[in-house]
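Please look at the sequence and the structure below before reading on. The report then takes up one strand, one helix and two loop residues in turn.

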Amino acid sequence: MHVIVTGGAGFIGSHVAVEFLRDGHDVTVFDSLTRPGVERNLEWLESRAPTGRLGFVRGDVRDADLVRSLVGARGVDLVFHFAAQFRTEDQGWVAHFMLTAAARRPLTIYGNGKQARDLLFVEDLVRAFRLAARHIDKTAGNVYNVGGGPANSVSIWHELRPRLERFAAGAIAAQIQGWRPGDQPVYVSDTRKAYRDFGWKPRVGLDEGLRRLWGWALELTDGRAQLAISRQPNPLELTMPQADIAFAGPSA
Ligand SMILES: NC(=O)c1ccc[n+]([C@@H]2O[C@H](COP(=O)([O-])OP(=O)(O)OC[C@H]3O[C@@H](n4cnc5c(N)ncnc54)[C@H](O)[C@@H]3O)[C@@H](O)[C@H]2O)c1
């Protein structure tokens, strides 16, 4: 199978790409590399790709001719579209908390720390995309919430703090600041439609995901506290309303 991943050098795209490479497929990453640091994700991907399996095209998804020539090429089976300029502060916050705590730096918490979020391990997200593609007859044209759901929800400081402090084996300093305009008190995904239509639900539980993310944060901060989050794709992310995914059927 030949898979094209737009935004394939980004956080989600690089994880999707690596899974298909791992299964022996050909992957073309199409990315403008406009997000600072994503070249490192590309290097990470290249280091894992079997020879000749990974292609890279640097370009902009707004370039219709280029997109048409890539996607319309003979032998393309699947296209994942993740290219976007837009990231919210809510994306990647758990990784930020972990890196900051691992580097023994103080955190800033906005609101009262009781805001609830559901967390999803990126492996589970990739599995959702793959299952949805496998069930394209059912999923084409549909929109699905994909996230950790109620079982993998946590309040961003009240409940996360004791876990972080256990990992760090010590107190973590935090400065509590006021609410920011637009701060959302609760976001928890209802993923029942994805389960019903293509049998997906998260497998990596909250605590296991956090443990794995802590391992990643420790590896990155070991002796080198000042690190860019994008140094290598981080394995846990927050789902937000924008995480809804839509599927288009195969193009004619
Ligand atoms: N990561 C999350 O938790 C999360 C949650 C909800 C929604 N999303 C959405 O999913 C998408 C992907 O997220 P991500 O975390 O992988 O983002 P990311 O910023 O890590 O990756 C986006 C990639 O797209 C590339 N890109 C940007 N504009 C482009 C363009 N015009 N043409 C070609 N490439 C371009 C960037 O260089 C980058 O490599 C985004 O739309 C994001 O808003 C992400």
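In which sense, parallel or antiparallel, do strands E6 and E8 pair, and over how many bridges? Strand E6 and strand E8, which covers residues 153–155, pair in the antiparallel sense over three bridges, where two strands count as paired if DSSP finds at least two bridges between them. The strands and helices named here are DSSP runs, numbered from the N terminus, with at least two residues (E) for a strand and at least four (H or I) for a helix.

The model is a predicted one, in which local features need pLDDT of at least 70 and side-chain atom pairs count only at pLDDT 80 or more, whereas totals for chains, interfaces and linings use all residues. Residues are numbered from 1 along each chain as its sequence is written, and side-chain values use heavy atoms, with hydrogens and water left out.

**Strand E6**

Within the pairing of E6 and E8, Arg117 stands opposite Val154 of E8. Strand E6 also pairs with strand E10 (residues 186–187), here in the parallel sense and over two bridges, and Val186 in E10 is the bridge partner of Ala116. Six of the six residues of E6 (residues 116–121) are buried, so the strand is largely enclosed by the rest of the structure; buried means under 20% relative accessible area, exposed means over 50%, and partly exposed lies in between, for a 1.4 Å probe and protein chains only. Ala116, Asp118 and Leu120 point one way from E6, while Arg117, Leu119 and Phe121 point the other way, and all of them are buried.

**Helix H7**

In helix H7, which spans residues 160–168, the residues Leu160, Arg163, Leu164 and Ala168 are buried. Seen down the axis of H7, these buried residues fall within an arc of 130°, so they line one face of the helix; the arc is that of the directions from the helix axis to the C-beta atoms. An α-helix has 3.6 residues a turn, so residues three or four places apart point the same way. The buried residues of H7 pack against helix H4 (93–102), strand E8 and helix H9 (206–221), where contact means heavy atoms within 4.5 Å.

**Two residues with positive phi**

Leu33 and Ala169 are set out in the table, each with its loop.

| Residue | Phi | Loop between | Relative accessible area |
|---|---|---|---|
| Leu33 | about 55° | E2 (26–31) and H2 (38–48) | 13%, buried |
| Ala169 | near 50° | H7 and E9 (174–177) | 73%, exposed |

Leu33 has a positive phi although it is not a glycine, and Ala169, which comes just after H7, also takes a positive phi.
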